[in-house]
Number of protein chains: 2
Amino acid sequence: MKQGAPNLFQNKSGLKMKTDTKQRILVEGARLVHLKGYGSTGIQEVLKAAGVPKGSFYFYFKSKEDFGLELIEYFGNYIYGKWDRINDETEGTPIQRLQRFFAWFLSLNERNDFKGGCPFGNLGQELGDINERFRERLQSVYAEFKGKIRDILVEAKDAGELPGNVDPEKMSDLIYSAFHGALIQMKVTRSPESMENFNQLLFELMSGYGQQDKLLTGRV
Amino acid sequence: MKQGAPNLFQNKSGLKMKTDTKQRILVEGARLVHLKGYGSTGIQEVLKAAGVPKGSFYFYFKSKEDFGLELIEYFGNYIYGKWDRINDETEGTPIQRLQRFFAWFLSLNERNDFKGGCPFGNLGQELGDINERFRERLQSVYAEFKGKIRDILVEAKDAGELPGNVDPEKMSDLIYSAFHGALIQMKVTRSPESMENFNQLLFELMSGYGQQDKLLTGRV
């Protein structure tokens, strides 16, 4: 990893609070865990990057595991904050706003040479099988994220932007799958193509969903 | 990890060759790396599981990295072998055979309480950002896998099973994304739902693709 790799999930409000040691540990922890994974990130390394003396870690966190679980919350605040800003403060239809969020996520990774991906996906892949506390926490996070996608799909259906037979629950699950898988491809190919393809093709598919049946039955 | 966890990628031809020490190392390495990840799997642990004396590792592999790269080939042989058998030896349309492959992949993980996922996806997630040799090898593997999906989609189009406007290249990329992301969800939820949803909904979407335009323009 480049030493100068950007901190993609840098919580600006935290940076201003230079006295907030715990926040500094989380900011640097988020950067390192996002780029290297949880298992490969050492506590000493995080403390060094945060400029915090050794030994103070356990003043703020009971264990590395507790630190990791707080990181999930940290990532969530950052990502959901952006989600809300895009959703509440930008123009466009529900689907356009959803696609804008995924495009933002891609741009975030683009700044880092297409490394990184989604911290939730990374941690799920890394720890889902081997750490029950992480798995349970991530299960909630995934459900929350999919719930946000589902709500936008409901809005899009109500606005007539999606065919009435789209099941928002199932569709949000598929979108969430395709998003995470596209990010893995992004890492391996170091290119935006799979993310761009996901963010276009799946939405094209959705907009045509069920129209074939109408053709066959004559119901339009 | 349970000691009794099944070895999902156990190459039977290898098992018969009890004298083939290298094969035994790869069989046990595949099991451990699949369940724990590459970084968390120690060479000594693999040798112990394979019943091979310490020190003989470097007779077969130049480094842990070389061992890992050979594991990718090992996984590939196993997965592509099954792919070919399903494709060549089972009945059904091209799309049915493709869905059967994904269903097989799910059943493989089901035997392990929905742990594991796809070794290629796991390794891409874990190492894509931090190991250039792995990244390049995985990039070839992903391209090969997507090529196989693409070929089936071409066959399906030719047979009239898919609308003519489906782009097999782009669609195979989206299918590959959704497959890997669904496996991450499977790990975190410990349930087959996201995999089943991917393997049904995305194919339903595909079959209706572009039909809406025909409705609008009157071209049928």
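A:Arg190 is found in the loop between α9 and α10 of chain A. In this predicted model, A:Arg190 has a positive phi of about 50° although it is not a glycine. Most residues other than glycine have a negative phi. A:Arg190 counts as partly exposed, with 15 C-beta neighbours inside 10 Å. That count falls between the limits of 12 or fewer for exposed and 20 or more for buried.

A positive phi also occurs in chain B. B:Asp113 is a residue other than glycine with phi near 60°. The loop that holds B:Asp113 runs between α6 (94-110) and α7 (119-127) of chain B. B:Asp113 has 12 other C-beta atoms within 10 Å and is therefore exposed. Another loop of chain B, between α3 (43-50) and α4 (57-60), contains B:Pro53. B:Pro53 counts as exposed, with 10 C-beta neighbours inside 10 Å. In sequence, B:Pro53 and B:Asp129 are 76 residues apart. In space, 33 Å lies between them, C-alpha to C-alpha.

Chain A has eleven helices and zero strands. From the N terminus on, its elements run α-α-α-α-α-α-α-α-α-α-α. Chain A comprises 220 residues, of which 43% count as buried. Among contacts in chain A with a separation of 6 or more, 60% join residues 24 or more positions apart.

One helix pair in chain A was examined in detail. The axes of α6(A), residues 94-110, and α8(A) come within 8 Å. They cross at roughly 150°. Helix α6(A) is therefore roughly antiparallel to α8(A), as the angle is over 145 degrees. From α6(A), the contact is made by A:Pro94, A:Ile95, A:Arg97 and A:Leu98. From α8(A), A:Ile149, A:Ile152, A:Glu155 and A:Ala156 take part. By class, this contact has six nonpolar and two charged residues, and no polar ones.

The relation between the two chains was considered next. Two copies of a chain are related by a rotation about an axis and a shift along it. Here, a rotation of 180° with 0.0 Å of shift along its axis superposes chain A on chain B. The RMSD of this superposition is 0.0 Å. The relation is that of a two-fold axis.

The contact between the chains takes 50 residues from chain A and 50 residues from chain B. On the side of chain A that touches chain B, two or more residues each come from α2 (21-36), α7 (119-127), α8 (132-158), α9 (168-189), α10 (193-207) and α11 (211-217). Helix α9(A) gives the largest share, 15 residues. By class, this side of chain A has 20 nonpolar, 22 polar and eight charged residues. Of the interface residues of chain A, 100% are also interface residues in chain B, so the copies meet through the same surface.

The largest nonpolar core has 114 residues. Within this core, the residues with the most contacts are A:Ala178 and B:Ala178. Across the interface, B:Ala178 touches A:Leu174, A:Ser177, A:Ala178 and A:Gly181. In its own chain, B:Ala178 touches B:Phe198 and B:Leu202. Residues up to four places away in sequence are not counted here. The pair A:Ala178 and B:Ala178 thus combines two features: the most contacts inside the core, and a contact with each other.

Technical notes
Residues numbered from 1 in each chain as written. Chains lettered and ligands numbered in written order. Predicted model: local features only at pLDDT ≥ 70, side-chain atom pairs only at ≥ 80, totals over all residues. Contact = placed C-beta atoms within 7 Å. Helix = DSSP H or I, 4+ residues; strand = E, 2+ residues; numbered from the N terminus. Nonpolar A, V, L, I, M, F, W, Y, C, P; charged D, E, K, R; others polar. Core = buried A, V, L, I, M, F, W, Y, C linked by C-beta atoms within 7 Å. Least-squares fit on C-alpha atoms with pLDDT ≥ 70 in both. Axes fitted to C-alpha atoms, helices over the stretch in contact; angles between N-to-C directions. Parallel < 35°, antiparallel > 145°, perpendicular 65-115°, else oblique.
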